Amino acid sequence: MSDTVYIFFPAAESNPVYQGWMKQLAHPVSIVKHYDTTWTPPDDAGIVITHNHYRWEELSILRRVVEQGRVPVLILADGILEYRNTFEHPELADGAMFKPLMGHKLACIGRSQARWAEAWGNVGKCEVIGIPRFDETKSVPKTIPTDDQPWRILIATASTPWFNNTQRDEVLAALTDLREHFTAHPTFNDRPIQLEWRMNEELHKFLSEGSWQRKRPLLATLFPGIDAVITTPSTVQLESALVGIPVAVIDYHNSPQFTPMAWAIHCQRQIESVCTELLAPPPGKLFIQNALLSDALERRSPAAPRMLQLIDAMIKIGQDGRQQSKSLAFPARIIADELYGFSINEAGAQLSKLFPDNAAFQNTDIEQLQVELSQARAALGEYPDKFFDQRSANQRLRSYINWLRLVIRNRADSLYEVKQAYHQLKGSSGPGEDS
């Protein structure tokens with residue numbers, strides 16, 4: 001039976017994009033490790049899956065498979081969309097980033113990513129899945145620190161934080177400014193600040209920060225005890241927010257953000273205010289961070305079951321099409337949206353959390369609130385009616401004043417005309433005439 005899942009990426013076993021779901025497949029799996037531009041899915045292929053969608057060699061193969069119309073092709077989004085990677089990457093041809101999608105479906109990490117991909121002409125090809133490897137991610141429990149315990153701030157970068165020399169200089173400038181800021185401000189609220197750095201080897205050498213490990217530590221091992229995260233645009237921002245840590249994106253390129261966060265640093269003068277808020281986050285901005293996270297990352301339920309459901313459905317559609325000798329046709333949405341497009345109700349939306357300094361929102365005694373409401377109504381009495389009566393009287397008075405202004409203006413015009421006529425008459429009077 002033609003149901004083998006062909007993973008079109010040689011290093012799939014170690015790549016995080018394939019973690020969390022590949023070993024759960026109920027179908028046979030074959031990882032394509034050796035291929036050239038003539039590669040064609042074998043007869044037992046039920047689906048071809050890859051995130052390797054950027055170079056001509058792979059794109060030409062995927063295009064041919066799609067045009068043959070025999071085997072479904074599923075493309076995986078391997079992280080957030082990023083403006084520089086999409087439009088300013090010197091090694092990527094224009095349009096290589098899903099414009100258009102060279103596949104039948106795109107497994108998106110969240111709703112906002114699906115909207116962007118659809119805006120590029122991929123309507124009916126986007127499925128909102130999430131990130132399966134995040135399924136086991138747990139929120140970091142908050143502990144009450146002692147005065148001598150340091151604040152720990154994680155400073156991270158994407159695996160590839162720049163794509164040309166100009167961008168490299170901007171990233172180095174941003175990280176240098178951060179280091180100088182914390183050198184000049186080593187404490188916050190009388191507690192010391194400790195920096196954790198997670199970046200590539202070149203940046204470690206440039207900044208001379210910490211010991212370099214060729215295999216960067218997993219974020220999950222760093223998060224416990226981390227109070228805030230500052231990162232260049234990357235999936236790190238989603239994973240940090242997912243565990244409940246305030247996160248700021250540092251972006252001296254000032255590029256358009258496909259995946260915005262509640263905090264952003266675009267220049268040196270913004271560092272102090274942003275860092276202060278990260279360590280003492282306003283509830284309103286934490287709410288915005290969670291809402292933006294829900295839009296960027298599908299997280300209402302585990303992502304792996306949705307990925308498996310999508311793969312199963314695409315394999316079945318491919319089998320039916322081949323049996324009936326019909327072209328492959330996929331519905332606009334295979335994975336149903338449980339909320340029908342509505343936004344999730346964020347846990348932090350309660351008034352008591354958004355406005356912690358307002359005593360009225362902290363009171364949960366219903367009877368006491370009812371008594372206070374009754375007293376307020378009694379104190380107000382007929383004030384609302386009197387207020388509206390007074391507002392109506394003010395409106396009538398305003399109309400009368402406007403009418404008076406018009407009358408005065410008209411009379412002033414008439415007086416001016418009389419004066420002009422008088423001067424003309426006086427000027428035309430002859431000598432000896434009584435003027």
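Let me begin with the second largest cavity, where helix 3, residues 111–119, gives the largest share of the lining, namely three residues. I should say at once that what we are looking at is a predicted model.

The residues that line this second largest cavity are Ile80, Leu81, Ile109, Ser112, Gln113, Trp116, Leu238, Phe258, Thr259 and Ala296, and when they are sorted by character they divide into seven nonpolar, three polar and no charged. The space inside the second largest cavity comes to about 50 Å³.

How many cavities of 30 Å³ or more does the structure hold? There are four of them, and the largest has a volume of about 150 Å³. Its lining is made up of 17 residues, and those closest to the centre of the largest cavity are Val17, Ala77, Gly130, Ile131 and Pro132. The lining of the largest cavity divides into eleven nonpolar, four polar and two charged residues, whereas the lining of the second largest cavity, as I said, has no charged residues.

Let me turn now to a pair of helices. Helix 4, which covers residues 165–184, and helix 8, which covers residues 271–279, have axes that come within 11 Å and cross at roughly 70 degrees. Angles of 65 to 115 degrees count as roughly perpendicular, and helix 4 and helix 8 are therefore roughly perpendicular to each other. The crossing of these two helices is right-handed.

Which residues in helix 4 and helix 8 meet? On the side of helix 4 they are Asp177, Leu178, His181 and Phe182, and on the side of helix 8 they are Ile271, Glu272 and Cys275. Taken together, the residues of this contact divide into four nonpolar, one polar and two charged.

I will finish with two places in the backbone that you may wish to find in the structure in front of you. The first topic is a proline: the peptide bond that runs from Lys99 to Pro100 is cis, with an omega near 0 degrees, and Pro100 itself sits in the loop between helix 2, residues 83–87, and strand 5, residues 105–108.

The other topic is Asp190, which has a positive phi of about 70 degrees although it is not a glycine. Where does Asp190 lie? Its place is in the loop that runs between strand 8, residues 187–188, and strand 9, residues 191–198.

Notes
Residues numbered from 1 in each chain as written. Predicted model: local features only at pLDDT ≥ 70, side-chain atom pairs only at ≥ 80, totals over all residues. Heavy atoms only, no water. 1 Å grid on protein atoms, 1.4 Å probe; cavity = no way out; pocket = protein on both sides within 12 Å on 5 of 7 lines; lining within 4 Å. Points joined across faces, edges and corners; volume = space filled by probe spheres on them. Nonpolar A, V, L, I, M, F, W, Y, C, P; charged D, E, K, R; others polar. Helix = DSSP H or I, 4+ residues; strand = E, 2+ residues; numbered from the N terminus. Axes fitted to C-alpha atoms, helices over the stretch in contact; angles between N-to-C directions. Parallel < 35°, antiparallel > 145°, perpendicular 65-115°, else oblique. Left-handed = near helix turned anticlockwise from the far one by under 90°. Contact = heavy atoms within 4.5 Å.
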